[in-house]
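Colleague: I should like a close look at a single part of this complex. Please concentrate on chain B, its surroundings and a few of its residues.

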Amino acid sequence: MKISMIVNGQSHAIELTDEYTPLLWVIRDILGLKGTKFGCGKAACGACTLHVDGEAVRSCSYPVKFAEGKQITTIEGLGNAENPHPVQQAWIEEIVPQCGYCQPGFMMATAALLNKIPNPTDEDIDNNIINVCRCGTYYRMRKAIHKAADKQNAINEINEPTKA
Amino acid sequence: MAGFVLASIYKPIETAYTSTPVNEQENRQNTDVAFHKMMDVLTHPRCLNCHPSDNVPKQGEDSHPHHFDIARGESHKGFEATKCATCHQSENNPYSSAPGSPHWSLAPHSMRWQGLDRFEIAKSMMDTERNGGRSPEEIKKHLTEDDLVLWAWEPGTNIKGEPRELPPVSKKEFISAVEAWFESGHTIPSK
């Protein structure tokens, strides 16, 4: 079978024999985008979080057949070193990561949250950011999420002043 | 003399019972059997786990709270960015064991069943104030045709790779019992 999808703005047509292959394996092993991490393989920890048509999903538990025709965004597509996404910039400024392994999943979950709730409260963060960090960087993440919201809102105000 | 004494102390036992024609008795018995068969399913964790009395979905045969503080959210499908569909797709995942079905979600809070007995659940299910304004015909359709209800008989495997427990009545028997109960007037027997 052939699956067509757009990953970080690039079209891909991928030949696979198993339509239940996790999207995570396609992203990492076929497309070579190693930023998205394997954690638990059970849709529990969130290390594999990426966006499918703008919605956060756990890619270890997302059969690739459901990605047909969809827009996929990974941590590499969120931003880069020259032009980081507000979430990535806030993560850098708050020095959030310790070991760093789970952080791409957290950043993708946060980016999805800010697209839905531009000014999340602590309760919104508790409800929506439920990934697992073995290093326990949650306190710094919370600060970074609020900072990322401020950064993104400032950018939106410049780009769309009438909506602000 | 003895006959006179007996006659004078005899009083009929007061009772509300009135004899029922045999056919009617049989019908009532059949209705009650259908009711209990239906409720054997509706009181199983496969159903109750998604009809919580709080805002927390339940998991497993022991109906423990869903891991990671997952809660209902306003839509009954989780929160704005972390929804049921973040992890649950439209079908069971054979690799991660995440269960899935179309419109995976909690029943609204008005349809809370956990903690109720089978008679109270049936009353709740038939009460338009609590069942989302559904008619008996719509409830029957939900029970016999809804993908999420029928998922109970295809629940996939748990996180250990073991098959999840099925309801105690087969799907075919359940559907027959539901149809029989509704067609006979959906009377809820007394406790």
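Modeller: The account below goes from chain B as a whole to the interface and then to single residues. This is a predicted model in which local features need pLDDT of at least 70 and side-chain atom pairs count only at pLDDT 80 or more, while totals for chains, interfaces and linings use all residues. Residues are numbered from 1 along each chain as its sequence is written, chains are lettered from A and ligands numbered from 1 in the order in which they are written, and side-chain values use heavy atoms, with hydrogens and water left out.

Chain B averages a pLDDT of 91, and 88% of its residues score at least 70; pLDDT is the predictor's confidence in each residue, from 0 to 100. Among the elements of chain B, the lowest mean pLDDT, 50, belongs to helix 1 (residues 2-9), and the highest, 98, to helix 6 (residues 136-145). Where pLDDT is low, the predicted coordinates should not be read in detail. For the complex, the predictor gives an ipTM of 0.92 and a pTM of 0.88.

Chain B has 8 helices and 2 strands, where helices (H or I, at least four residues) and strands (E, at least two) are DSSP runs numbered from the N terminus. Their order from the N terminus is α-α-α-β-β-α-α-α-α-α. Of the 191 residues of chain B, 39% count as buried (buried means under 20% relative accessible area, exposed over 50% and partly exposed in between, with a 1.4 Å probe and protein chains only). Among the contacts in chain B with a separation of 6 or more, 57% are between residues 24 or more positions apart; contact means heavy atoms within 4.5 Å.

Towards its partner, chain B places 21 residues in contact with 26 residues of chain A. The two chains bury about 2000 Å² between them, 56% of it on carbon and sulfur atoms; this buried area is the accessible area (1.4 Å probe) that two parts lose on being put together, summed over both. There are 2 salt bridges between chain A and chain B, a salt bridge being a side-chain nitrogen of Lys or Arg within 4 Å of a carboxyl oxygen of Asp or Glu. One salt bridge joins the side chains of A:K65 and B:E91 (2.9 Å, N to O).

Within chain B, B:K58 lies in strand 1 and is buried, with a relative accessible area of 12%. Its side chain is joined to that of B:D54 by a polar contact of 2.7 Å (a pair of N or O atoms within 3.5 Å; within protein, one must be able to donate a hydrogen and the other to accept it, and residues adjacent in sequence count only if both atoms are side-chain atoms). Not counting residues up to four places away in sequence, B:K58 touches residues including B:N49, B:Q114 and B:H64.

B:H64 also leads to the neighbouring loop, for its side chain makes a polar contact of 2.7 Å with that of B:D62. B:D62 lies between strand 1 (58-59) and strand 2 (64-65) of chain B and is exposed, at 58% relative accessible area. The C-alpha atoms of B:D62 and B:T31, 31 residues apart along the chain, are separated by 30 Å.

A further loop, between helix 7 (147-150) and helix 8 (171-183) of chain B, holds B:G161. B:G161 counts as partly exposed, at 46% relative accessibility. B:G161 and B:P94 are 67 residues apart in sequence and 9.0 Å apart in space, C-alpha to C-alpha.
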